[in-house]
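Subject: A structure for you to look at

Hi,

Here is the structure I promised to pass on. Please have a look at it first, and then read on for what turned up in it.

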Amino acid sequence: VFPSLAQAQASVANEVYRELDQPSIFLFCPTEYCSSLCSPSPSQSCYLLTLGQELLPGISVIWTGPKVVSQELSATLLEEVEGVLQRRPIIWDNLYANDYDCRRVFLGPYTGRAPGLMPRLRGLLLNPNCELQANFIPIHTLGSWFRSELGSCAHSDHAGKETAAALGDSQGPQEGSYSPQEALELALHDWVAEINRQALEPGR
């Protein structure tokens, strides 16, 4: 029925999206969801070009970066992806994912993401360690990065100013000052306090 996989997927996604009355959040994960899966590149992928043309504008597309697990994310790559998909991507960040190797647990700070990425994103999802308690540092330091990004956006966006102001009293790095090391130290401080609090609970 369809001349290509991309057209088939876009047709089905559009139909479901309309059937659900075009919800504000509707995520589509493409078969080519990172640069290493694209042939020959994101900007020259017939598959992604077709999705960009065929998918309804309200449908968000998931992207993991250069690789399935991307050590770095750059504004240049996100601009390329936005151009071919005709929408800003939602990053599905696998930086901490360990479901492919459960012998490893990732406890470092959120890092490798260039400053100023937020204007290039529709959203960001963090794929965590399988072990719940191991995700305190990843989520805490992601929060510090996010606060810093909001502060940077505040210079050029009035709405960003209001959001940044609302978060201004919270602890953590302020606008334009994200430091993975400082974020890690703050997360460790708060994690120890949380562990001590839990240790004092009845039955612990």
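**Two helices that cross**

Let me begin with a crossing: helix 1 and helix 2 cross in a right-handed sense. Please keep in mind that this is a predicted model. On the helix 1 side, the contact is formed by Leu5, Ala6, Gln7, Gln9, Ala10 and Asn14, and on the helix 2 side by Tyr47, Thr50, Leu51 and Glu54. By type, the residues of this contact are five nonpolar, four polar and one charged. Helix 1 spans residues 5–19 and helix 2 spans residues 46–54; their axes lie 9 Å apart, and the packing angle is about 30°. Angles under 35 degrees count as roughly parallel, and that is why helix 1 and helix 2 are described as roughly parallel to each other.

**The chain as a whole**

Stepping back, the protein chain contains six helices and four strands. Reading from the N terminus, the order of elements is α-β-α-β-α-β-β-α-α-α. The chain has 204 residues, and 41% of them are buried. Among contacts with a separation of 6 or more, 71% join residues 24 or more positions apart.

**The core**

Which residues have the most contacts inside the largest nonpolar core? They are Phe28, Leu48, Leu51, Leu55, Ile59, Trp63 and Tyr110, in a core of 32 residues. Two or more residues each come from helix 1, helix 2, strand 2 (60–63), helix 3 (75–85) and helix 4 (136–154). Helix 3 gives the largest share, with five residues.

Helix 2 is worth a second look here. Its buried residues are Tyr47, Leu48, Thr50, Leu51 and Gly52, and these pack against helix 1, strand 1, strand 2 and helix 3. Leu51 appears both in the contact with helix 1 and among the core residues with the most contacts.

Ile59 is another of those core residues. Leaving aside residues up to four places away in sequence, Ile59 touches Ala13, Asn14, Tyr17, Phe26, Phe28 and Arg87. Of these, Asn14 also takes part in the contact of helix 1 with helix 2, and Phe28 is also on the list of core residues with the most contacts.

Further along the chain, Leu150 sits in helix 4. With a relative accessibility of 8%, Leu150 is below the 20% cut-off and therefore counts as buried. From Leu150 to Gly116 the C-alpha distance is 9.2 Å, although the two are 34 residues apart in sequence.

**The loop between strand 1 and helix 2**

Three residues of this loop caught my eye. Ser36 lies in the loop between strand 1 (27–28) and helix 2 and is partly exposed, at 48% relative accessible area. Not counting residues up to four places away in sequence, Ser36 touches Pro66, Lys67 and Val68. For Ser36 and Pro66, 30 residues apart along the chain, the C-alpha atoms are separated by 6.1 Å.

Pro40 belongs to this loop too, and the peptide bond leading into it from Ser39 is cis, with omega near -5°. That is worth a glance, since most peptide bonds are trans.

Gln44 is also found in the loop between strand 1 and helix 2. Its relative accessible area is 52%, so Gln44 is exposed. Beyond residues up to four places away in sequence, Gln44 touches Ser39 and Leu49. The C-alpha atoms of Gln44 and Val84 are 8.2 Å apart, with their positions 40 residues apart along the chain.

**Two positive phi angles**

Which phi values do Gln22 and Gln86 have? For Gln22, phi is positive at about 50°, and for Gln86 phi is positive at about 60°. Neither residue is a glycine, and most residues other than glycine have a negative phi.

Both residues lie in loops. Gln22 is in the loop between helix 1 and strand 1, where it is partly exposed with a relative accessible area of 47%. Gln86 is in the loop between helix 3 and strand 3 (90–93), and at 54% relative accessible area Gln86 is exposed.

Happy to talk any of this through once you have had a look.

Best wishes

Methods: Residues are numbered from 1 along each chain as its sequence is written. This is a predicted model: local features need pLDDT of at least 70, side-chain atom pairs count only at pLDDT 80 or more; totals for chains, interfaces and linings use all residues. Side-chain values use heavy atoms; hydrogens and water are left out. Axes are lines fitted to C-alpha atoms, for helices over the stretch in contact, and angles run from 0 to 180 degrees between N-to-C directions. Angles under 35 degrees count as roughly parallel, over 145 as roughly antiparallel, 65 to 115 as roughly perpendicular and the rest as oblique. A crossing is left-handed if the near helix is turned anticlockwise from the far one by less than a right angle, and right-handed if clockwise. Contact means heavy atoms within 4.5 Å. Ala, Val, Leu, Ile, Met, Phe, Trp, Tyr, Cys and Pro count as nonpolar, Asp, Glu, Lys and Arg as charged, and the others, Gly among them, as polar. A nonpolar core is a set of buried Ala, Val, Leu, Ile, Met, Phe, Trp, Tyr and Cys residues joined through side-chain atoms within 4.5 Å. Buried means under 20% relative accessible area, exposed over 50%, partly exposed in between (1.4 Å probe, protein chains only).
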